[in-house]
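Subject: Structure handover

Hello,

Here is the structure you asked for. My notes on helix packing and empty space follow below it.

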Amino acid sequence: MTALAVTDLSKTFPLPRRLFGPARPGVRAVRPMSFTVESGETLGIVGESGCGKSTLARMLVGLLDPTTGHIEIAGKALDNADPAVFGRLIQYVFQDPISSLNPRKTIRQIMETPLKRLYGMEKAERTARIAEIFDSVNLREEFLDRYPHEFSGGQAQRIGIARALAASPRIIVLDEPVSALDVSVQAQVLNLMARLRDEFDLTYLFISHDLAVVEAVSDRVVVLYFGAVVEIGNAKTIFSAPKHPYTKLLADSAPVVGRPLTAPEQKGSELPDPLNPPPGCAFAGRCPRATQICRAEDPALRQMQEDQFAACHHPIES
Ligand SMILES: Nc1ncnc2c1ncn2[C@@H]1O[C@H](COP(=O)(O)OP(=O)(O)O)[C@@H](O)[C@H]1O
Ligand SMILES: [Mg+2]
């Protein structure tokens, strides 16, 4: 069953108007993209900083209005949906666990908010539900009366996950959920997330710039470059047999667990200017395989293997 279907979803941030001069087109943070996520699946989303991962995530959970396109969850169209409708279906876990929790509220107050707002639960019911969730994420109930700053990063991220679970969503978008944690704590949180996925039948969108983590936790992976999907395929093969030269560049430059993605220093290793995007393939300026057509025509995503799609005029042969 399809848990999430995204069709032509895009986001352009308008630029502040200048008093004189021509109208400016705005920053195209996410260019029109379409993909689906199956129920129970973990879809990894990778790409360098600034490629649009968080903008995509914020649209998916209803925090940001799309410029174009549609989002459908479990067959339900979410166009102009109420935030509460989004909230019961899809939740978001942020990168920085401590600062994403309101510092002036106790953990109990933080946990109670979605139960009140989304489900209108009474006090006794809320207390029971919070106890149940805390048990699932291995947090002690005595933590409930403390404040966010009293916790370590790993504990705070488990609280962030507990808060997302409180809404009983079908889908959780995890935006760099372990990037701010020590490597030793990352594994604990990743194991917890895997267990919760099975226990609660969850579907995950797992965003990270850490290729090794994404490869380990995902069933399929989407590779973003400059706001667009350049490749999508099975997590087991996409990095070992990439079709898109950008996926290959990522795979070659990040072989170690926990090491952030860094493109090799070279001429033209910069992302294109989002205010003045090149006409053809956005990766052409960095691509060793680029030819004339790459600088003229933006390639569409097409099927390369049974479960692998790439947007490239000169895909890598296997
Ligand atoms: N609120 C905003 N206003 C204007 N531009 C933005 C805004 N948020 C993000 N951007 C731009 O959109 C692009 C994608 O950003 P983001 O989604 O945060 O990328 P990532 O999460 O992959 O690092 C960047 O060029 C960023 O500067
Ligand atoms: Mg981000």
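A term to start with: a crossing of two helices is right-handed if the near helix is turned clockwise from the far one by less than a right angle, and left-handed if anticlockwise. Please keep in mind that this is a predicted model.

**Helix packing**

By that definition, α4 passes α5 in a right-handed crossing. Helix α4 covers residues 123-136, and helix α5 covers residues 153-166. Their axes lie 10 Å apart, at an angle of about 135°. Angles that are neither under 35 degrees, over 145 nor from 65 to 115 count as oblique, so α4 is oblique to α5. On the α4 side, the contact uses R129, I133 and F134. On the α5 side, the partners are A162, L165 and A166. By class, the α4 contact with α5 has five nonpolar residues, one charged and no polar.

Next, the other partner of α5. Helix α6 spans residues 183-200. Helices α5 and α6 pack with their axes 10 Å apart and an angle of about 15°. Angles under 35 degrees count as roughly parallel, and α5 and α6 are therefore roughly parallel to each other. The crossing of α5 past α6 is right-handed. From α5, the contact takes G154, Q157, R158, I161 and L165. From α6, it takes V185, V189, L192, M193, L196 and F200. Eight of these contact residues are nonpolar, two are polar and one is charged. L165 is worth marking on your copy: this α5 residue is in the contact with α6 and also in the contact with α4.

Now back to α4 and its packing with α3. The angle between α3 and α4 is about 115°, and the axes are 10 Å apart. The range from 65 to 115 degrees counts as roughly perpendicular, so α3 is roughly perpendicular to α4. Here too, the crossing is right-handed. I107, R108, M111, E112, L115 and K116 are the α3 residues in this contact. They meet K123, R126, R129, I130, I133 and F134 of α4. The contact of α3 with α4 divides into six nonpolar and six charged residues, with no polar ones. R129, I133 and F134 of α4 meet α3, and these α4 residues also meet α5.

**Pockets**

How much space lies in the largest pocket? About 630 Å³. Its lining has 21 residues, and L63, Q91, P114, R117 and R163 are the closest to its centre. Three elements give two or more residues to this lining: α2 (83-89), β6 (90-93) and α3 (107-119). Which of the elements gives the most? That is α3, with five residues. The lining is made up of 12 nonpolar, six polar and three charged residues.

The second largest pocket holds about 330 Å³ of space. It is lined by 19 residues. Closest to its centre are P32, A228, V229, P299 and A311. Strands β2 (27-38) and β10 (228-234) each supply at least two lining residues. The most come from β2, which gives five. By class, this lining has 13 nonpolar, two polar and four charged residues.

**Cavity**

There is one cavity of 30 Å³ or more. The largest cavity has a volume of about 80 Å³. It is lined by 13 residues. Which of them lie nearest the centre of the cavity? They are C281, C287, C294, C312 and H313. The lining has nine nonpolar, three polar and one charged residues.

**Where to look**

For the helices, start at L165 in α5, which takes part in the contact with α4 and the contact with α6. For the pockets, start at α3 in the largest one and β2 in the second largest. For the cavity, go to C281, C287, C294, C312 and H313.

Best wishes

Terms used
Residues numbered from 1 in each chain as written. Chains lettered and ligands numbered in written order. Predicted model: local features only at pLDDT ≥ 70, side-chain atom pairs only at ≥ 80, totals over all residues. Heavy atoms only, no water. 1 Å grid on protein atoms, 1.4 Å probe; cavity = no way out; pocket = protein on both sides within 12 Å on 5 of 7 lines; lining within 4 Å. Points joined across faces, edges and corners; volume = space filled by probe spheres on them. Nonpolar A, V, L, I, M, F, W, Y, C, P; charged D, E, K, R; others polar. Axes fitted to C-alpha atoms, helices over the stretch in contact; angles between N-to-C directions. Helix = DSSP H or I, 4+ residues; strand = E, 2+ residues; numbered from the N terminus. Contact = heavy atoms within 4.5 Å.
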